[in-house]
Amino acid sequence: MTCKQPTLLKLEPYESETLSKVGEAISFPLNEEIQHLVKSMLFSVLDEQLAAAGAPWPSAAGMAAPQWGHCVQLFVWKQGRQDVEFEAIFNPHYVGVGADDNSDDENVEEDLHEEGCFSVPGKRGIVRRFKRIRVTFQRADGTTVEQVLEGWPARVFQHECDHVHGRLYDNSAAGRCTEIH
């Protein structure tokens with residue numbers, strides 16, 4: 001990473017076109033601009049920085065670059081756990097899988113759960129997501145990772161991955177949100 005200090009990023013408003021665009025894939029090795037963006041995202045997602053930025057919620061399980069006005073395939077997350085550091089995820093993709101890890105399996109299950117989103121402030125939705133997913137992504141060093149996630153980590157990964165692919169949970173075309181309040 002570069003020595004440049006992180007910048008407190010500002011959240012894009014709900015109406016921002018950046019939130020509905022597919023992010024650009026990130027090339028490796030990371031250039032200085034992306035390195036600084038990662039550093040700034042890891043800084044801005046901390047609870048005290050979210051408060052300073054006037055975020056609608058006090059903490060986050062993850063945040064994606066488009067939410068801060070950067071149309072690239074990058075998000076930071078804690079794998080759905082509060083006791084670990086945020087990790088940067090590059091060029092993420094996922095597919096629903098069944099218990100035997102096959103995506104063409106008729107046993108691919110979904111569930112409904114309430115979600116909130118910094119890009120849909122003041123609202124929560126009941127969102128349909130895969131229970132179990134196979135993910136592929138790259139780490140900051142360019143290493144490609146493929147793994148299976150289930151439960152809450154799978155839900156958070158899907159939510160953040162959808163951001164970098166231009167989808168919010170309340171997008172009617174995506175058909176994921178069954179109720180919003």
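Q: What is the relative accessible area of Asp111?
A: This is a predicted model, in which local features need pLDDT of at least 70 and side-chain atom pairs count only at pLDDT 80 or more, whereas totals for chains, interfaces and linings use all residues. Residues are numbered from 1 along each chain as its sequence is written, and side-chain values use heavy atoms, with hydrogens and water left out. A residue is called buried under 20% relative accessible area, exposed over 50%, and partly exposed in between (1.4 Å probe, protein chains only). Asp111 is partly exposed, since its relative accessible area is 29%.

Q: How many helices and strands are there in the protein?
A: Helices (H or I, at least four residues) and strands (E, at least two) are DSSP runs, numbered from the N terminus. Read along the sequence, these elements give the pattern α-α-β-β-β-β-β-β-β-α-β. The protein therefore has 3 helices and 8 strands.

Q: What radius of gyration does the protein have?
A: The radius of gyration is taken over C-alpha atoms, and the globule rule is 2.2 Å times the number of residues to the power 0.38. For 181 residues, a compact globule would be near 16 Å. The C-alpha trace spans about 50 × 40 × 30 Å along its principal axes. The value for the protein agrees with the rule, at 16 Å.

Q: What percentage of the contacts with a separation of 6 or more comes from residues 24 or more positions apart?
A: A contact means heavy atoms within 4.5 Å. Of the 181 residues, 43% count as buried. Among contacts with a separation of 6 or more, residues 24 or more positions apart account for 66%.

Q: Which residue forms a salt bridge with Asp111?
A: Side chains of opposite charge can pair when their charged atoms come close. A salt bridge is a side-chain nitrogen of Lys or Arg within 4 Å of a carboxyl oxygen of Asp or Glu, and the whole structure holds 11 of them. In one of these, the side chain of Asp111 meets its partner at 2.9 Å, N to O, linking strand β4 to helix α3 (residues 152-164) across 44 residues. The partner, buried at 4% relative accessibility, is Arg155.

Q: Where does Glu114, the salt-bridge partner of Arg124, lie?
A: The closest N and O atoms of Arg124 and Glu114 are 3.0 Å apart. The two are 10 residues apart along the chain, with Arg124 in strand β5 (residues 124-130). Arg124 is partly exposed at 30% relative accessible area, and Glu114 counts as partly exposed at 30%. Glu114 itself lies in strand β4.

Q: Which residue does Arg129 pair with in a salt bridge at 2.6 Å?
A: The 2.6 Å is the distance between the closest N and O atoms of the pair. The salt bridge joins strand β5, which holds Arg129, to helix α3, and its two residues are 33 residues apart. Both Arg129 and its partner are buried. A network of salt bridges links Asp111, Glu115, Arg129, Arg155, Asp162 and Arg167, and the partner of Arg129 here is Asp162.

Q: At what distance does the side chain of Glu115 make a polar contact with the side chain of Arg155?
A: Glu115 lies in strand β4 (residues 110-116) and is buried, with a relative accessible area of 4%. A polar contact is a pair of N or O atoms within 3.5 Å; within protein, one must be able to donate a hydrogen and the other to accept it, and residues adjacent in sequence count only if both atoms are side-chain atoms. One such contact, of 2.9 Å, joins the side chains of Glu115 and Arg129. The polar contact between the side chains of Glu115 and Arg155 has a distance of 2.6 Å.

Q: Which residue offers the backbone oxygen that the side chain of Gln158 reaches?
A: Gln158 lies in helix α3 and counts as buried, at 0% relative accessibility. Leaving aside residues up to four places away in sequence, Gln158 touches Tyr94, Arg129, Phe130 and Ile133. At 2.9 Å, the side chain of Gln158 reaches the backbone oxygen of Phe130.

Q: How far from the sulfur of Cys71 is the nearest cysteine sulfur?
A: A disulfide is a pair of cysteine sulfur atoms within 2.5 Å, and the count by this rule is 0 disulfides. Cys71 is in no disulfide, and its nearest cysteine sulfur is that of Cys161. Cys71 counts as partly exposed at 23% relative accessibility, while Cys161 counts as buried at 1%. The sulfur of Cys161 is away from that of Cys71 by 14 Å.
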